[in-house]
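Trainee: Could we go through this one together? I'd like to know what stands behind the labels people put on it.

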Amino acid sequence: MKKDFAVVGLGRFGGSICRELNNEGMEVLALDLDEEKVNEYRDIAAHAVIADSTDESVLKELGLGNFDHVIVAIGDNILSSILTTVILKELGIATVTVKAQNDYHEKILRKIGADHVVHPERDMGKRIAHNIISNNILDYIELSDDHSVVEVKAGERMSGQTLVDLDIRAEYGCNVVAIKRDKDVIVSPMATEEIQHRDVLIVIGADKDISRFEKNLVVEN
């Protein structure tokens, strides 16, 4: 089942997440009070809306309560960030990720129920976007503009199969450079290595190839 995402706040950070989620084929609702920013994302997000996220009636009208995951990426207005988070949790949204301005802001967000709190200065929008697409995607590190390393948990689709069976290199153009299994690390695993449930695979490749790999083997319902 495809997840539905909403991004509140279309500054550099929120915009980065919005673009990357769209690149990964996700349905995204983009919200901001700034008409100019909203217009910039009309051709990127599935829906781009000028809205006040601190107005509960507006969020209800937009159907935010039906979304799987909402990312609150509001800029410097800490009060708006906090109020928006409270409303979203009261609407019953399963997962709310919020951008924090500082450690004190983070403490408040966690007390009011934010599921994930991120600091833009520490976390890249691209990495966070990949992490929220699936719980099986643990980390995403950019090597260049076109190549990255992704760390993923092996789910049911990969469990019990060898690297030969999965044929990741031929099918997706990616390379499994290591497998973490409990406290052990298997570097340059043999093609006959059988993947066990919850092994952690370190995969390197071009972004477009990693995206196909994630969609076909990593992201689970």
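Trainee: Which residues does UniProt list for "domain: RCK C-terminal"?

Mentor: The UniProt record, an unreviewed entry, gives residues 135-219. This is a predicted model, and in it that span is 25% helix and 36% strand. The C-alpha atoms at the two ends of residues 135-219 lie 8 Å apart.

Trainee: Now the sheet. What is the strand order?

Mentor: Six strands run β3-β2-β1-β4-β5-β6 in an open sheet, with parallel pairing. The edge strands are β3 (47-50) and β6 (116-118), as each pairs on one side only. From one strand to the next, the twist averages 15°.

Trainee: How do you know that β1 and β4 count as a pair?

Mentor: Two strands pair if DSSP finds at least two bridges between them. β1 (residues 4-8) and β4 (residues 69-72) have four bridges, in the parallel sense, so they pair. F5, for one, stands opposite H69 in β4.

Trainee: What packs on the sheet there?

Mentor: Helix α4 (residues 78-90) does, touching β1, β4 and β5 (95-99). The direction of α4 makes about 175° with that of β5.

Trainee: And why is K60 called exposed?

Mentor: Exposed means over 50% relative accessible area. K60 comes out at 52%, so K60 is exposed. K60 lies in helix α3 (residues 56-61).

Trainee: How far is K60 from I87?

Mentor: Their C-alpha atoms are separated by 9.6 Å, with K60 and I87 27 residues apart along the chain.

Note on methods:
Residues are numbered from 1 along each chain as its sequence is written. This is a predicted model: local features need pLDDT of at least 70, side-chain atom pairs count only at pLDDT 80 or more; totals for chains, interfaces and linings use all residues. Side-chain values use heavy atoms; hydrogens and water are left out. Axes are lines fitted to C-alpha atoms, for helices over the stretch in contact, and angles run from 0 to 180 degrees between N-to-C directions. Contact means heavy atoms within 4.5 Å. UniProt positions are given in the numbering used here, feature names are shortened, and annotations may be inferred rather than shown by experiment. Buried means under 20% relative accessible area, exposed over 50%, partly exposed in between (1.4 Å probe, protein chains only).
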